[in-house]
Amino acid sequence: RKQVRPRRRQSREARPVASATPQVQAGRKMAKVCVISLGSESAPHIAECVRQELGDRSASEEWETSKAPVLVVVVECESDGEPCPAARQFVRALRRSECFANYSQSIGRRAAVLGLASSVCANSAAQLGDGDKYTGASRVERALIAGGCTALLKMGTMEVELQSPEESAIPWARAVCAAL
């Protein structure tokens, strides 16, 4: 008789939480939006701000099983610009998943990425340079495009310690809403 082992539950950082829900506005169906938080420090809070801005378009569900035609991904980058552990795992999972790529291509899934950089001061932010501190978010965006998605809009960026959500995340979320 074959013994079945219970599956271990992955940590919260290793399993990104996402959101999606359909809505109807003035007789037409609004696009479902799956919001994915990749990180354990600032990403969950910023993703929640984005969810609030999207309003009824988003609700919780896992990204792997999402049928949403739009993905919004909030990615924490390490201090050297590299992706956080959850983002690295997300990219690996995207590359392994044939179903995700096939489904994304078949429905014309679009994706938007918001990169979060953590610089403790303006001087350290300037030393790394604008492009390098969001390398991790760029990798996630490239993996999504390779996985069958098209870019909804240009990647957004936010200096977590130097900017408030109202300065960068909220205007970016409004641009996502306008692009839907």
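**Entry 1: helices at the largest pocket.** I began with the lining of the largest pocket and noted that α2 (85-96) and α3 (98-107) each supply at least two of its residues. The model I am reading is a predicted one. I then asked which element gives the most to this lining. I recorded α3, with 3 residues.

**Entry 2: volume and lining.** I looked up the volume of the largest pocket and found about 180 Å³. I listed the residues that line this pocket: W63, E64, T65, S66, K67, A93, R96, S97, C99, F100, Y103 and R109. I sorted the lining by class and obtained 5 nonpolar, 3 polar and 4 charged residues.

**Entry 3: K67 and Y103.** I returned to two residues of the lining, K67 and Y103. I found the charged end of K67 over the ring of Y103, at 4.8 Å from the ring centre. The contact thus joins two names that I had already entered for the pocket.

**Entry 4: aromatic pairs.** I asked how many aromatic pairs the structure holds. The count came to 0.

**Entry 5: cysteines.** I searched the whole structure for disulfides and found 0. I then checked whether C149 and C177 are buried or exposed. C149 has a relative accessible area of 3%, so I entered C149 as buried. C177 has a relative accessible area of 18%; because the cut-off for buried is under 20%, I entered C177 as buried also. I noted C99 separately, as one of the residues that line the largest pocket.

Note on methods: Residues numbered from 1 in each chain as written. Predicted model: local features only at pLDDT ≥ 70, side-chain atom pairs only at ≥ 80, totals over all residues. Heavy atoms only, no water. Phe/Tyr/Trp six-rings, centres within 6.5 Å; stacked < 30°, edge-to-face > 60°. Lys NZ or Arg CZ within 6 Å of the ring centre and 35° of its normal. 1 Å grid on protein atoms, 1.4 Å probe; cavity = no way out; pocket = protein on both sides within 12 Å on 5 of 7 lines; lining within 4 Å. Points joined across faces, edges and corners; volume = space filled by probe spheres on them. Helix = DSSP H or I, 4+ residues; strand = E, 2+ residues; numbered from the N terminus. Nonpolar A, V, L, I, M, F, W, Y, C, P; charged D, E, K, R; others polar. Disulfide = S-S within 2.5 Å. Buried < 20%, exposed > 50% of the residue type's maximum accessible area, 1.4 Å probe, protein only.
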